[in-house]
Amino acid sequence: MDVLSFALPPPIAISLAAVILTALVIRSRARSLKFLKHPHQLPEAAPLHDPMTEFAHKQKTYRAYNVLIDNVTDPANVEYILKTNFANHGKGWYHYGILSDVLGDRIFAVDGEKWLHQKKVSSNELTTKIMKDFSSTVFKTHAAKLARIISEAATCNKAIEIQERKRDGISGGGNWGSTIFGLIPTRRKERRMDELHHYMTEFEHKHRTYRAYNVLIDYVVTTDPANVEYILKTNFANYGKVHLKEVPIPDLLQGWYHYGILSDLLGDGIFAVDGEKWLHQKKVSSNELTTKIVKDFSSTVFKTNAVKLARIISEAATCNKAIEIQELFMKATLDSIVKILLGIELDTMDGTNEEGTRFAHAFDVANEMTIYRYVDFSWKIKRFLNIGSEALLRKNIKVIDQFVYNLIKIKIETDNLSEDELLALKKQDIISRLLESQETDPKYLRDLILCLISAGRDTTASTLTWFIYMLCKHPHIQEKVAQEVREATNLEDSSCIDEVAASLTEEALEKMQYLHAALSETLRLYPAVPLNTKVCLADDTWPDGFSVKKGNFVGYHVYGMGRMKYLWGDDAKEFRPERWLNENGLFQQESPFKFTAFNVQAGPRICIGKDFAYRQTKLICAVLLGCYKFKLSEEKKVAHYLTKISFHIDGGLYVHASPRP
Ligand code: HEM
């Protein structure tokens with residue numbers, strides 16, 4: 001008998017890994033059974049059946065150590081297990097333990113008498129004439145239903161996902177909050193942990209600052225603006241993002257936190273580093289985002305993509321089809337940021353650029369797998385063995401790197417062009433501009449690009465999605481926004497998409513104070529970054545007298561802060577854009593320590609993309625609401641968020657659009 005080694009490293013390393021792995025497997029099994037509720041949130045395994053089949057060509061039966069199961073392909077053995085000595089091969093603890101919570105003592109989960117009885121009952125039932133006739137009718141009815149769905153899609157020439165198990169895990173399926181916050185101080189264990197922000201907020205109505213224990217983490221959370229100001233500004237130096245070397249936390253957690261987790265994908269980009277490196281990139285990127293040339297260029301890009309988006313919506317409106325608008329916003333914002341950074345058309349909205357679509361997919365998967373590391377304590381072992389989520393991550397980073405480095409190379413080469421040629425190329429994208437200013441290290445540029453895409457894409461897309469959701473729930477506010485767009489642009493009611501887009505000058509956008517207020521109100525209730533975390537570097541006492549210790553994780557709960565009555569008044573839970581406007585209808589900023597959605601001006605580590613994000617969301621919303629009315633496909637449906645780092649709507653947002661008269 002032989003040993004199957006899935007391309008594992010040398011024997012000593014294997015033995016060492018096996019010892020560590022055993023401990024981690026037990027832990028990670030316990031964790032997955034306890035916390036992970038949706039099967040689709042588990043990362044895709046690295047291809048398994050092909051290597052097994054290849055191996056089976058040589059060894060019909062073999063032992064695979066770290067799977068805990070012996071595998072068999074020899075028909076003689078199969079006959080022996082399934083028939084000759086059937087009684088000796090049960091389903092046993094393995095299946096029962098895994099399946100019984102869902103399936104109870106049903107046929108899949110049990111052996112022996114229980115199994116025999118159920119098998120007889122079910123197989124008798126399935127073969128009666130009445131059941132045969134009935135099931136044939138059911139199959140036919142469902143086949144007809146399926147054909148009708150396909151027919152509808154065919155009429156609109158739309159792609160159909162025919163397998164149906166929608167992998168929205170990639171754009172954000174599954175909630176991980178439960179794993180991160182094992183022990184939020186609530187006794188109501190029966191409540192679903194995917195409502196994590198609700199529990200926290202409920203608790204915060206009584207306790208503005210509190211401690212949330214977890215097996216590994218001592219977490220102090222606050223909603224008090226005075227504490228936020230202290231952490232983000234007054235004693236900023238004492239609250240780090242990345243370097244934990246000074247902090248007495250277990251080795252496993254050293255590097256578990258940001259840098260270790262993020263650096264494979266984001267390298268030394270702004271999100272993953274502190275100190276000098278961070279300061280330099282922050283300066284470079286924030287200078288770039290605010291130059292006139294980049295501002296003009298980005299406005300053109302936003303408008304072009306808003307028009308594309310509106311055309312897709314127009315097609316769906318013609319067929320009276322539901323639109324999953326979250327996915328569309330994700331594509332539109334990715335196309336825009338890539339065009340502004342790299343000057344190329346990714347075109348994921350129309351799917352015309354094959355290489356671009358491959359990059360977009362790889363980026364989504366790599367992001368998902370990177371963030372999964374926050375809840376998967378065995379990720380380092382997996383990376384070492386190149387298996388599971390880590391194999392997937394490595395594979396997709398390779399695709400991303402090929403794409404980005406290739407573009408940088410092309411750009412460096414065009415750098416040798418003559419003045420006239422350069423002028424003809426009109427290099428307005430950020431990478432071309434950085435190359436001109438002597439930032440030519442491809443690795444530096446790659447890391448910066450990926451960080452800016454990560455920072456600017458999901459945040460903007462999720463804000464747009466919640467905004468449309470809020471407007472569907474409050475049709476009178478939707479009408480007010482549409483009315484403002486018409487007035488600010490002086491357009492006729494019958495203007496077409498292109499005319500609306502063309503009319504959106506800086507001055508017109510500036511006049512849209514109510515739209516600005518409605519977007520801010522969306523961010524107050526549904527902040528794209530709902531919880532922000534840092535690490536305390538030395539014992540400290542906060543303005544409200546709460547003590548924090550060196551090594552404590554500390555966080556301010558942006559979602560909770562947006563809903564506190566003591567901060568926003570008795571109507572804190574209501575969506576009311578007017579709260580942001582003064583008596584002249586002009587937008588009023590709130591204190592950045594109270595409205596923390598952007599970290600704006602709240603300290604050195606602020607969002608440098610705030611104006612950029614408002615410009616993009618305002619342009620897209622003005623085009624869409626200038627041309628269409630939106631309704632939820634299921635009007636009574638209540639949207640739920642995903643408890644992840646970004647804040648998407650679970651399952652997407654289905655809307656129907658109709659043209660404005
Ligand atoms: C609605 C949209 C957005 C929201 C709500 C948002 C929010 C935030 C927040 C809360 C932070 C602080 C994160 C932390 O403490 O680690 C942040 C950082 C950052 N944001 Fe944004 N952001 C948005 C859009 C953008 C856009 C469009 C860009 C760029 C194109 C951008 C670039 C950045 C960068 C580079 C940082 C890191 C700053 C640093 O570490 O010094 N953001 N953002």
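## Reading the ligand shell, the core and the sheets

The largest share of the shell around the ligand, six residues, comes from helix α19.

Visitor: Before we go further, what kind of model is this?

Guide: It's a predicted model. The protein has 661 residues, and 36% of them count as buried. Its secondary structure comes to 26 helices and 12 strands.

Visitor: Back to the ligand, then. Which residues come nearest?

Guide: There are 23 residues around the ligand, and Ala455, Gly456, Thr459, Cys607 and Gly609 come nearest. Look next at the elements that give two or more residues to this shell: α11 (275-290), α19 and α26 (610-627).

Visitor: How does the shell around the ligand split by class?

Guide: You'll find 13 nonpolar, eight polar and two charged residues in it.

Visitor: Let's turn to the core. What's the general idea there?

Guide: In soluble globular proteins, nonpolar side chains tend to be buried together. In this model, the largest nonpolar core has 122 residues, and Leu341, Ile449, Ile468, Ile620 and Val623 have the most contacts inside it. Helix α19 (residues 442-473) gives the most to this core, with 17 residues. So α19 turns up twice, as it also gives the largest share of the ligand shell.

Visitor: Which residues is Ile449 in contact with, leaving aside its neighbours within four places in sequence?

Guide: Those are Leu341, Leu342, Val404 and Ile431. For the protein as a whole, take the contacts with a separation of 6 or more: residues 24 or more positions apart account for 71% of them.

Visitor: And α26, which also gives residues to the shell? How do I read a helix like that?

Guide: Start with the general geometry: an α-helix has 3.6 residues a turn, so residues three or four places apart point the same way. Then check the length. At 1.5 Å a residue, the 18 residues of α26 should span 26 Å, and its end C-alpha atoms are 26 Å apart, which agrees.

Visitor: Is α26 enclosed or open to the outside?

Guide: It is largely enclosed by the rest of the structure, because 14 of its 18 residues are buried.

Visitor: Which class does Lys395 fall into, buried, partly exposed or exposed?

Guide: Lys395 is partly exposed, because it has 15 other C-beta atoms within 10 Å, and a residue needs 20 or more to be buried. Lys395 lies in helix α16 (residues 388-414). If you'd like a distance to check on screen, the C-alpha atoms of Lys395 and Asn353 are separated by 20 Å, with the two residues 42 apart along the chain.

Visitor: Now the strands. How do I read a sheet?

Guide: Strands of a sheet pair through backbone hydrogen bonds, either parallel or antiparallel. Here, three strands form an open sheet in the order β6-β12-β11, with antiparallel pairing. The edge strands are β6 and β11, each pairing on one side only.

Visitor: How many bridges join these strands?

Guide: Two bridges join β6 (residues 323-324) to β12 (residues 654-659), and five join β11 (residues 628-632) to β12. To find the register, use the partners in β12: Glu324 is bridged to Tyr654, and Leu632 to Val655.

Visitor: What about β7: is that strand covered or open?

Guide: Strand β7 (residues 531-536) is mostly covered, with five of its six residues buried. Five bridges join β7 to β10 (residues 553-557), running antiparallel, and Lys534 has Val554 as its bridge partner in β10. Strand β5 (residues 239-240) is also antiparallel to β7, joined by two bridges. There, Tyr239 stands opposite Cys536.

Visitor: One last item, the backbone angles. What is the phi of Asn320?

Guide: Asn320 has a positive phi of about 50°, although it is not a glycine. You'll find Asn320 in the loop between α12 (292-318) and β6, and it counts as exposed because it has 11 C-beta neighbours inside 10 Å. Asp347 has a positive phi of about 50° too, and it is not a glycine either.

Visitor: Where is Asp347 placed, and how exposed is it?

Guide: Asp347 sits in the loop between α13 (325-342) and α14 (354-372). With 19 other C-beta atoms within 10 Å, Asp347 is partly exposed.

Methods: Residues numbered from 1 in each chain as written. Predicted model: local features only at pLDDT ≥ 70, side-chain atom pairs only at ≥ 80, totals over all residues. Core = buried A, V, L, I, M, F, W, Y, C linked by C-beta atoms within 7 Å. Buried ≥ 20, exposed ≤ 12 C-beta atoms within 10 Å, placed from the backbone. Helix = DSSP H or I, 4+ residues; strand = E, 2+ residues; numbered from the N terminus. Contact = placed C-beta atoms within 7 Å. Near = placed C-beta within 6 Å. Nonpolar A, V, L, I, M, F, W, Y, C, P; charged D, E, K, R; others polar. Pairing = 2+ DSSP bridges. Expected span 1.5 Å × (residues − 1).
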